[in-house]
Amino acid sequence: MKQALSHLWDSFLKSPLGQPAELARVGLVSYTGCSGCHDWDGTGDFYGTSEVWLKRPNGEQFFWKVGLLFEQGEFEGEHWEQGGAYSYVSIGLDATGEEQVYYRIGEVQLPNHPLTVADLAPFSEKVRELADTCFDDLTFVFQRNGFKDLVDLAQEKFEIAQQRHQHYREKGLVTPYDKSDYTWQSNPLRSNHHA
């Protein structure tokens with residue numbers, strides 16, 4: 001499971017994408033990342049992430065992440081468990097990280113039965129596929145030199161959401177929660193409208 005999860009970070013490190021000339025070509029100044037996962041022996045919870053952070057000179061940040069989570073417990077005498085793997089991209093519009101817009105890469109659910117150690121091999125293969133998809137998206141943005149375009153689209157989406165919130169505030173109302181205010185279902189550069 002650790003190897004499957006670390007595939008995103010390992011793929012980035014083995015690729016030419018993190019080389020200084022390639023970073024400069026697409027207007028980035030630095031990268032960082034990590035990967036880690038807690039072992040699981042059939043008891044307790046587990047979680048882990050693999051991530052790549054990229055930064056522009058003005059502080060804008062891009063964050064590709066694959067994560068996994070498994071939790072279990074008891075509620076009113078009933079055993080419960082939940083978990084899966086997920087991947088997304090965050091576009092930070094400022095150096096503080098407070099203004100962010102996201103898009104989803106995908107997710108993988110755990111089997112719909114009590115988890116066993118035997119379930120980890122097929123689940124790990126799906127996590128690796130998810131990490132591949134995430135790395136492919138990162139490569140697509142590099143090849144397209146799409147970092148500025150992502151920021152422009154994210155800024156537009158963020159401003160529209162802020163206007164919506166302001167409209168409700170002016171009327172003394174609380175803005176109804178809508179995660180689509182700050183989230184795309186996929187990479188907006190891949191849609192025909194933004195291609």
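**View 1. Arg56 in the loop between β2 and β3.** In this predicted model, Arg56 is found in the loop that joins β2 to β3. Although Arg56 belongs to a loop, Arg56 counts as buried, with a relative accessible area of 16%, which is under the 20% limit for that class. Leaving aside residues up to four places away in sequence, Arg56 touches Gly27, Leu28 and Val29, together with Phe62, Phe147, Lys148 and Val151. Glu156 lies 100 residues from Arg56 along the chain, and the C-alpha atoms of the two are separated by 18 Å.

**View 2. The whole protein, as a setting for the close-ups.** The protein has four helices and six strands, and from the N terminus on these elements run in the order α-α-β-β-β-β-β-α-α-β. Along its principal axes, the C-alpha trace spans about 50 × 45 × 30 Å. Of the 195 residues of the protein, 42% count as buried. Among the contacts in the protein with a separation of 6 or more, 61% are accounted for by residues 24 or more positions apart.

**View 3. Helix α1 and the elements that cover its buried residues.** Helix α1 comprises the 13 residues 2-14, which at 1.5 Å a residue should span 18 Å, and the distance of 17 Å between its end C-alpha atoms agrees with that expectation. The helix nevertheless contains a kink of about 45°, centred on Leu8. Leu8 is also one of the buried residues of α1, a set that consists of Ala4, Leu5, Ser6, His7, Leu8, Trp9, Ser11 and Phe12. What covers these buried residues includes the strands β1 (30-37), β2 (46-55) and β3 (61-75), as well as helix α3 (120-144).

**View 4. The aromatic pair of Phe63 and Tyr88.** The count of aromatic pairs in the model comes to ten. In one of these, the rings of Phe63 and Tyr88 have their centres 6.1 Å apart and their planes at 70°, so the pair is edge-to-face, the angle being over the 60 degrees that this class needs. Because Phe63 lies in strand β3 and Tyr88 in strand β4 (residues 78-92), the pair ties together parts that are 25 residues apart in sequence. Phe63 is buried, with a relative accessible area of 7%, whereas Tyr88 is partly exposed, with a relative accessible area of 23%. Both residues belong to one aromatic cluster, which is formed by Trp53, Phe63, Tyr86, Tyr88 and Tyr102.

**View 5. The aromatic pair of Trp64 and Phe147.** The rings of Trp64 and Phe147 have their centres 6.2 Å apart and their planes at 75°, so this pair is edge-to-face. The pair links distant parts of the chain, with Trp64 in strand β3 and Phe147 in helix α4 (residues 147-170), 83 residues apart. Trp64 counts as buried at 0% relative accessibility, and Phe147 is likewise buried, with a relative accessible area of 0%. Phe147 is also among the residues that Arg56 touches.

**View 6. Arg190 and the ring of Phe140.** The charged end of Arg190 sits over the ring of Phe140, at 4.0 Å from the centre of that ring. Residue 140 falls within the range given for helix α3 (120-144), an element that takes part in covering the buried residues of α1.

**View 7. Cysteines without a disulfide.** A search of the whole structure finds zero disulfides. Cys34 is in no disulfide, the nearest cysteine sulfur being that of Cys37, 12 Å away, and Cys34 is partly exposed, with a relative accessible area of 36%. Cys134 is also in no disulfide, and the nearest cysteine sulfur to it, that of Cys34, is 13 Å away. In contrast to the partly exposed Cys34, Cys134 counts as buried, at 0% relative accessibility. Because a disulfide requires a pair of cysteine sulfur atoms within 2.5 Å, neither the 12 Å from Cys34 to its nearest cysteine sulfur nor the 13 Å from Cys134 to its own satisfies the criterion.

Terms used:
Residues are numbered from 1 along each chain as its sequence is written. This is a predicted model: local features need pLDDT of at least 70, side-chain atom pairs count only at pLDDT 80 or more; totals for chains, interfaces and linings use all residues. Side-chain values use heavy atoms; hydrogens and water are left out. Helices (H or I, at least four residues) and strands (E, at least two) are DSSP runs, numbered from the N terminus. The expected span of a helix is 1.5 Å times one less than its number of residues. The bend at a residue is the angle between axes fitted to the seven residues ending there and the seven starting there. Buried means under 20% relative accessible area, exposed over 50%, partly exposed in between (1.4 Å probe, protein chains only). Contact means heavy atoms within 4.5 Å. Rings of Phe, Tyr and Trp (its six-membered ring) pair if their centres lie within 6.5 Å; planes under 30 degrees apart count as stacked, over 60 as edge-to-face and the rest as tilted. A charge sits over a ring if NZ of Lys or CZ of Arg is within 6 Å of the ring centre and within 35 degrees of the ring normal.
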